[in-house]
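Student: I am new to this structure. Please show it to me, and let me ask how each label is earned.

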Amino acid sequence: MANSSTIFDKSQQGRIAGAHTSAFDELTNIPTEFRRDNSLLVPEVSELQAVRHFTNLSQKNYSIDSCFYPLGSCTMKYNPRGAHRAASLPGFLQRHPLTPDYASQGVLSSLYELQTILQTVTGMQAVSLAPMAGAQGELAGALMIKAYHHSRKDFARNEIVIPTAAHGTNPATATMSGCKVREVQVDRDGDVDIEDLKRVVGPATAGIMLTNPSTCAVFERRIMEIADIVHDAGGLLYYDGANLNAIIGKVCPGDMGFDVLHLNLHKTFATPHGGGGPGAGPVAANKTLLPYLPTPIVTRSDNTYHWLEKEDLPHSIGRMSTFTGNTGILLRALAYARMLGRDGMVRVSEFATLNANYLMMELQKAGFQLAYPNRRATHEFIISLSHEAKQYGVKALDFAKRLLDYGVHAPTIYFPLLIPECFLIEPTETETLEELDAFVSAMQQIRIEAQENPELVRNAPHTLPVKRLDEVQAARLLDLTWSPQSSE
């Protein structure tokens, strides 16, 4: 029997969406050797059938437009539609990336303004908007640190220090840049272990990669001491901007002693992270690393804007990608920043932190175990479900799946790896008190279910189109292709 979920099962030969067919019956200008010699496999459906099919699919997908999404360390907040409308204005949307500078003054002036805003937010001296995502921004930062040391003929500095709680991209980035990874331990309160850091740094230290607030969801209280230790050893500090939402408008990474950083504009500045992109990961640098920023960079002279390329910045690490970064995401970030203003950015960090601390305390009152009970939350916090796993055989994964039945997306689970049965929760600044209380209520109810009917939780979700999957089998037998025979 055919699988009725595919659009091909609705296909009828000769049926078309007439308004969208090509006006050309024959493309005579295409040489014969380049023409397809078989029929293109596309469904033959009406416009209404296509609309209904994809609308129904979208309704099966979990969306931040419909439900609470407390995914930790990813800032899945609701963002204003005005930012998206601004980036979709015809002058922006229809501009070709090869349009010369003299015909791109509106776009270039907007990007220049965004560079200036990000300089202010980060406390740095210059910004490049070129990196296409956070991971690419990380790579740019690591390559800049490496280029700096090489310019000084200090080729022995090939180690990047990374905390054991770091994002997985950090060690991957350090390795891709040609450096070795040296781990530094995190203490029982979630801070970098200062004594271990002193042991790790030395003549081979190129730099350290840190997130602050850290992935342990706490603020590094001794960040200035960390900066002194690394700088005194001849290294530099790289700031992973994943958690900037907690401190935006409050404190600048540049004031903490960082030399280079990236920002996740596709998280913190108006485009919800997730769904595969697109992203934007601008890098900002202080005076030490400014010459090594990737190109192109927008500059202004005599009220005219133009791009600076590698020939203008000889020490630059060069291009990270074709063209000039994800301009649509960058324009959304500018619109978001302009709508907020300085005071609005302060409110973002204040309410993000307030919501997280409220939720943390309510879950603690409900009997859940905090990972760091002696610390305040930043914009997110961690609970451990190790007690529930030991007492009832219900793990963090089971809680996560059961939350879907309550209309709540799961927080991040099992990260950072330091915390057993980890739940990393980020409510963001955009959720209401009623939504936060509903989340606490759902967690309480699942905890009761874990005690009284653990199989109910272990087999969740029960209300979604796709139930609990065999994740091992799905990974081993991954099939991402479709053919007419596969639907039979």
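Tutor: Start with a term: buried means under 20% relative accessible area, exposed means over 50%, and partly exposed lies in between, with a 1.4 Å probe and protein chains only. Helices (H or I, at least four residues) and strands (E, at least two) are DSSP runs, numbered from the N terminus. This is a predicted model, where local features need pLDDT of at least 70, side-chain atom pairs count only at pLDDT 80 or more, and totals for chains, interfaces and linings use all residues. Residues are numbered from 1 along each chain as its sequence is written, and side-chain values use heavy atoms, with hydrogens and water left out.

Student: What makes helix H12 mostly covered?

Tutor: H12 spans residues 396–405, and eight of its 10 residues are buried. Among them are Phe399, Arg402 and Leu403. The cover includes helix H11 (386–392), strand E12 (412–413), strand E13 (422–425), helix H13 (433–452) and helix H14 (454–458). Just after H12, Gly407 has a positive phi of about 75 degrees.

Student: Why are H12 and H13 called oblique to each other?

Tutor: Axes are lines fitted to C-alpha atoms, for helices over the stretch in contact, and angles run from 0 to 180 degrees between N-to-C directions. The axes of H12 and H13 cross at roughly 120 degrees and come within 10 Å. Under 35 degrees is roughly parallel, over 145 roughly antiparallel, 65 to 115 roughly perpendicular, and the rest oblique. H12 and H13 are therefore oblique.

Student: Which residues of H12 and H13 make the contact?

Tutor: Contact means heavy atoms within 4.5 Å. H12 brings Phe399, Arg402 and Leu403, and H13 brings Phe439, Ala442, Met443, Ile446, Arg447 and Glu449. By class, this contact has six nonpolar, no polar and three charged residues. Ala, Val, Leu, Ile, Met, Phe, Trp, Tyr, Cys and Pro count as nonpolar, Asp, Glu, Lys and Arg as charged, and the others, Gly among them, as polar.

Student: What makes H4 and H10 oblique to each other?

Tutor: H4 (residues 105–122) and H10 (residues 327–365) pack at an angle of about 50 degrees, with axes 9 Å apart. That angle falls in none of the named ranges, so it belongs with the rest. H4 and H10 are therefore oblique. Their contact includes Leu111 and Leu114 of H4, and Leu330 and Leu334 of H10. The residues of this contact divide into 11 nonpolar, three polar and three charged.

Student: How do you know that Cys422 is in no disulfide?

Tutor: A disulfide is a pair of cysteine sulfur atoms within 2.5 Å. A search of the whole structure finds zero. For Cys422, the nearest cysteine sulfur, that of Cys216, is 8.8 Å away. Cys422 is also buried, because its relative accessible area is 0%.

Student: Why does Cys252 count as buried?

Tutor: Its relative accessibility is 16%, so Cys252 counts as buried.

Student: What is notable about phi in Glu421 and Thr428?

Tutor: Glu421 is not a glycine, yet its phi is positive, near 50 degrees. Glu421 lies in the loop between E12 and E13. Thr428 is not a glycine either, and its phi is about 65 degrees. Thr428 lies in the loop between E13 and H13. At 1% relative accessibility, Thr428 counts as buried.

Student: Where is the cis peptide bond of Pro213?

Tutor: It joins Asn212 and Pro213, with omega about 5 degrees. Pro213 lies in the loop between strand E4 (205–211) and helix H8 (223–232).
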